[in-house]
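Hi,

Here is the model I promised to send over. My notes on it follow underneath.

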Number of protein chains: 2
Amino acid sequence: MEKTFGMVRVSKRKPLREEVYESLKKSILYGKLKAGQRLVEEQIANQVGISRTPVREAFYKLERDDLVRRLPKGGFAVREFTREDVEEIFGIRSALESYAAYLATLHITPDKLSTLEKKVDESESALKKGDHEKLIQLHTEFHDLLYKACKSKKLIELINNFRDYFFRYRSALLHAPGGFQTSITDHRQMLKAMKEKKPRVVEKLVRDHLERGKEIILREISKGRVTP
Amino acid sequence: MEKTFGMVRVSKRKPLREEVYESLKKSILYGKLKAGQRLVEEQIANQVGISRTPVREAFYKLERDDLVRRLPKGGFAVREFTREDVEEIFGIRSALESYAAYLATLHITPDKLSTLEKKVDESESALKKGDHEKLIQLHTEFHDLLYKACKSKKLIELINNFRDYFFRYRSALLHAPGGFQTSITDHRQMLKAMKEKKPRVVEKLVRDHLERGKEIILREISKGRVTP
DNA sequence: ATTATGTATACTGTATCCAGAAGTCTCTTA
DNA sequence: TAAGAGACTTCTGGATACAGTATACATAAT
């Protein structure tokens with residue numbers, strides 16, 4: 001992060017530990033680091049060309065995020081998920097995200113509603129064009145916007161932490177048979193219920209949406225199409 | 001933590017960072033460290049007689065727990081709560097704890113039910129004797145046991161983290177007019193609904209229970225009887 | 001009196017080093 | 001051959017030192 005005022009450079013660099021944390025996190029979320037992959041302080045430090053200290057601190061932070069777990073023989077590993085984990089996490093997500101959607105329905109403003117509507121419209125348009133990358137992006141954005149409207153910073157933070165666990169599966173989720181269409185239909189219904197100020201309906205729609213997502217992931221895991 | 005096998009001492013001491021973390025956390029929870037109190041690495045390190053490293057790591061962990069916040073001028077401070085924070089946190093607690101109670105109703109075994117019943121019986125007995133300390137302890141234990149029955153380690157962890165924010169208020173909560181009696185009545189009703197395998201009823205009872213708790217805390221804060 | 005500059009202090013972030021623990025491998029002895 | 005001891009390797013946790021940054025205070029200049 002650098003700003004330039006004329007010829008004067010104002011540098012506000014993030015601490016190294018933050019940079020390592022974000023880089024590792026991104027690698028995990030995007031699947032560059034596979035579940036089970038072992039990570040060792042010294043190795044990462046040598047690769048990056050820094051000391052162990054910021055690497056260690058990044059590891060501890062990832063550990064607290066439950067994105068890595070500590071190995072008994074030293075080092076950390078990218079977290080793996082059992083079927084039970086998937087059930088557990090989706091259960092918690094359901095509780096949190098439906099609550100956020102409930103709050104969002106209470107608090108949302110008309111301009112935010114129309115932004116959401118625009119996302120759904122764009123999704124339908126992208127579906128017609130078969131632009132799957134765009135659809136994945138719009139799907140994520142719809143949920144980001146929806147939860148942001150709940151006005152609870154801590155809740156959003158929590159939700160995003162849980163969503164991160166399955167970030168690398170979002171493509172598989174949507175590519176499942178009928179995945180794109182179902183997702184758009186769900187979003188359309190949520191939007192409708194929000195316009196009508198029916199928070200309990202939105203809440204239920206989000207629960208069902210997540211239940212469907214969970215079943216898809218479990219099915220894909222069973223078929224060996226994705227690794228836990 | 002030391003174990004002794006005959007004359008052989010097996011020492012499994014916790015890392016210093018864990019010890020500092022737990023000690024600071026306890027001081028925060030029990031009100032020894034007041035909201036707003038500033039904490040500085042070097043100072044704590046000097047007081048304890050260790051280097052800064054484990055202190056820093058403990059601070060980061062407490063920060064992640066949202067029990068302390070980073071100060072712009074260096075150091076950390078014990079977290080303060082606005083009324084909005086109280087509302088936010090109780091909202092999230094309500095979502096999480098009611099979900100946990102719902103799961104617990106599905107999973108609980110008869111022996112655990114009778115343990116819960118025993119806690120309620122003991123609470124009524126302690127109320128008659130005016131043993132308030134005992135009542136506070138039993139209240140906490142009831143909830144610990146209830147949530148433990150949900151069989152979701154991550155959910156329990158989350159819930160406990162949120163409960164910790166108001167740990168120092170639990171006495172005020174129960175000492176509020178009619179607090180003890182209401183709490184016992186609530187627990188009795190939850191127990192009844194659990195026996196009857198009505199998870200949605202338990203869920204609602206827990207929501208109402210927490211709503212009441214929130215109102216009490218907000219009222220006590222308004223009256224200046226507790227500091228946020 | 002006000003503003004600018006220099007210095008001291010307080011703190012953080014990072015690098016380096018040391019000691020210890022745990023696991024693995026090799027050699028020796030029974 | 002099997003068991004035990006010692007050496008080696010790999011890793012962590014913590015201590016220490018150094019450099020950088022931000023703030024407060026004192027002094028000099030206008």
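**Rings first, then the DNA**

Over all chains, a search of the whole structure turns up 14 aromatic pairs (Phe, Tyr or six-membered Trp rings with centres within 6.5 Å; planes under 30 degrees apart are stacked, over 60 edge-to-face, the rest tilted). Phe162(A) and Tyr165(A) make an edge-to-face pair, 5.6 Å centre to centre with 85° between the planes. Both are buried (under 20% relative accessible area, 1.4 Å probe, protein chains only). Phe166(A) and Tyr169(A) count as stacked because their ring centres are 5.8 Å apart and their planes at 20°. Those two are buried as well. Ring pairs join Phe81(A), Phe90(A), Phe162(A), Tyr165(A), Phe166(A) and Tyr169(A) into a cluster.

A word on the basis: this is a predicted model, with local features needing pLDDT of at least 70 and side-chain atom pairs pLDDT 80 or more, while totals for chains, interfaces and linings use all residues. Residues are numbered from 1 along each chain as its sequence is written, chains are lettered from A and ligands numbered from 1 in the order written, and side-chain values use heavy atoms, without hydrogens and water.

Now the DNA. Strand C is surrounded by 17 residues (a heavy atom within 4 Å), and sugar and phosphate make up 61% of its atoms that come within 4 Å of the protein. Side-chain N or O atoms of Thr53(A) and Arg52(B) each sit 3.0 Å from a base nitrogen of the strand. For Tyr60(B), the partner is a phosphate oxygen at 2.8 Å.

Cheers

Note on methods
A polar contact is a pair of N or O atoms within 3.5 Å; within protein, one must be able to donate a hydrogen and the other to accept it, and residues adjacent in sequence count only if both atoms are side-chain atoms. Buried means under 20% relative accessible area, exposed over 50%, partly exposed in between (1.4 Å probe, protein chains only).
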